[in-house]
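Grab a pencil and work through these short exercises. Each one comes with a solution, so try the task yourself before reading on.

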Amino acid sequence: MNFSGKYRRQSQENFEAFMKAIGECDELIQKWKNTESVTEIVQNGKHFKFIITAGPKVLQNEFTLGEEFELETLTGEKVKAAAQLEGDKLVTTFKGIKSVIELNGDILTTVSWRSELVAPRGVGRGQGLKGEEQPSPLPFLLSISATPY
């Protein structure tokens, strides 16, 4: 599976609730909730480069699977992160947040949640998370869908 491509956000669910749950301030939430965003992913084997353009802000994060790296967030904070492939999903963990990126056809879907909560329905089956069906831990689940740009 190669994630390379340029994707424009088409929809997002639970952005405000998720951001509040992870401790972001209302000013930042309001600033970013309706900002257009484009994500470009360049994958070369185990090496990934993400370029995220959200309004006037451009973030560039690079990493190699299985190696700890420094991730810059939308707030400009730099945090330690790790990424790995679990089947055909790219899984990143940072600051108690687990983010799963999946490519279905040409739709890029990102689901993020606080890792100390139960896994959302259908995410993580057989991949080290709780495998039984669980109700989604809303509002602590953020889902973003993006299409080719």
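**Exercise 1.** Find the residues that lie nearest the centre of the largest pocket, then describe its lining.

*Solution.* Start at the centre: Ile52, Leu74, Phe94, Ser112 and Ile144 lie nearest to it, out of 43 lining residues. A pocket here is an open set of points on a 1 Å grid over the protein atoms alone, where a 1.4 Å probe fits, with protein on both sides within 12 Å along at least five of seven lines; lining residues have an atom within 4 Å of a point. Next, sort the lining: 24 residues are nonpolar, 12 polar and seven charged. Strand 9 (residues 107-114) gives the most, with five residues.

Keep in mind that this is a predicted model, where local features need pLDDT of at least 70 and side-chain atom pairs pLDDT 80 or more, while totals for chains, interfaces and linings use all residues. Residues are numbered from 1 along each chain, and side-chain values use heavy atoms, leaving out hydrogens and water.

**Exercise 2.** Which residues does Ile41 touch, leaving out those up to four places away in sequence?

*Solution.* Look for contacts (heavy atoms within 4.5 Å). You should get Phe3, Ser4, Gly5, Tyr7, Phe48, Lys49, Phe50 and Leu108.

**Exercise 3.** Place Ser145 and work out how far it is from Glu13 in space.

*Solution.* First, Ser145 is found in strand 10. Then go C-alpha to C-alpha: Ser145 and Glu13 are 9.0 Å apart, though 132 residues separate them in sequence. Finally, with residues up to four places away left out, Ser145 touches Arg8, Arg9, Gln10, Ser11, Ile107 and Leu108.

Technical notes:
Helices (H or I, at least four residues) and strands (E, at least two) are DSSP runs, numbered from the N terminus. Ala, Val, Leu, Ile, Met, Phe, Trp, Tyr, Cys and Pro count as nonpolar, Asp, Glu, Lys and Arg as charged, and the others, Gly among them, as polar.
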